[in-house]
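Subject: Structure handover

Hello,

Here is the structure for you to look over. My notes on what turned up follow below it.

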Amino acid sequence: MTNDKPKKAAGTDGPYDVIYFAKKHRISNEDAKVIIEKYGANRKEADKAGRRISA
């Protein structure tokens, strides 16, 4: 039996994965988790916050 659901492109919507986000911005997993909880699926704002912390 096949899965007839269309596949979504990985990482195009929804919140980031904590580990991926932490590695992307070179921050701790704890900091990444706080940012993702605060900004949810708003990746633009989450990325801005990640860049601020990593600087």
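**Helix packing**

α1 and α3 are oblique to each other. The reason is the angle: they pack at about 50 degrees, which is neither under 35, nor over 145, nor in the 65 to 115 range, so the pair counts as oblique. Their axes are 9 Å apart. α1 passes α3 in a right-handed crossing. On the α1 side, the contact is made by F21, K24 and H25. On the α3 side, A46, D47, G50, R51 and S54 take part.

Please keep in mind that this is a predicted model.

α1 and α2 meet at another angle, about 110 degrees, with axes 8 Å apart. That angle falls within 65 to 115 degrees, so the class is roughly perpendicular, and α1 and α2 are therefore roughly perpendicular to each other. The crossing of this pair is right-handed. From α1, the residues in contact are V18, I19, F21 and A22. From α2, they are N29, A32, K33, I35 and I36.

**The chain as a whole**

There are three helices and zero strands. Read from the N terminus, the order is α-α-α. The chain has 55 residues, and 24% of them are buried. Its accessible surface comes to about 4,500 Å². Carbon and sulfur atoms account for 52% of that surface. Take the contacts between residues at least 6 apart in sequence: 40% of them join residues at least 24 apart.

**The core**

Which residues form the largest nonpolar core? There are nine: Y16, F21, A22, I27, A32, I35, I36, A46 and A49. Three elements give two or more residues each: α1 (18-25), α2 (29-39) and α3 (43-54). The largest share, three residues, comes from α2. As background, nonpolar side chains tend to be buried together in soluble globular proteins.

A46 is a core member worth a look. Leaving out residues up to four places away in sequence, A46 touches Y16, F21, I35 and Y39. Of these, Y16, F21 and I35 are also listed in the core. F21 also appears in the α1 contact with α3 and in the α1 contact with α2.

**Three single residues**

Is H25 buried or exposed? H25 sits in helix α1. Its relative accessibility is 7%, under the 20% cut-off, so H25 counts as buried. Not counting residues up to four places away in sequence, H25 touches D47, G50, R51 and S54. Those four also belong to the α3 side of the α1 and α3 contact.

R26 is found in the loop between α1 and α2. At 78% relative accessibility, over the 50% cut-off, R26 counts as exposed. Its backbone deserves a check. R26 has a positive phi of about 55 degrees although it is not a glycine. For context, most residues other than glycine have a negative phi.

K38 lies in helix α2. Its relative accessible area is 63%, so K38 is exposed. K38 and A49 are 11 residues apart along the chain. Their C-alpha atoms are separated by 9.9 Å.

Best regards

Note on methods
Residues are numbered from 1 along each chain as its sequence is written. This is a predicted model: local features need pLDDT of at least 70, side-chain atom pairs count only at pLDDT 80 or more; totals for chains, interfaces and linings use all residues. Side-chain values use heavy atoms; hydrogens and water are left out. A nonpolar core is a set of buried Ala, Val, Leu, Ile, Met, Phe, Trp, Tyr and Cys residues joined through side-chain atoms within 4.5 Å. Buried means under 20% relative accessible area, exposed over 50%, partly exposed in between (1.4 Å probe, protein chains only). Contact means heavy atoms within 4.5 Å. Accessible areas come from the Shrake-Rupley method with a 1.4 Å probe; for residues, only the protein chains shown count as cover. Axes are lines fitted to C-alpha atoms, for helices over the stretch in contact, and angles run from 0 to 180 degrees between N-to-C directions. A crossing is left-handed if the near helix is turned anticlockwise from the far one by less than a right angle, and right-handed if clockwise.
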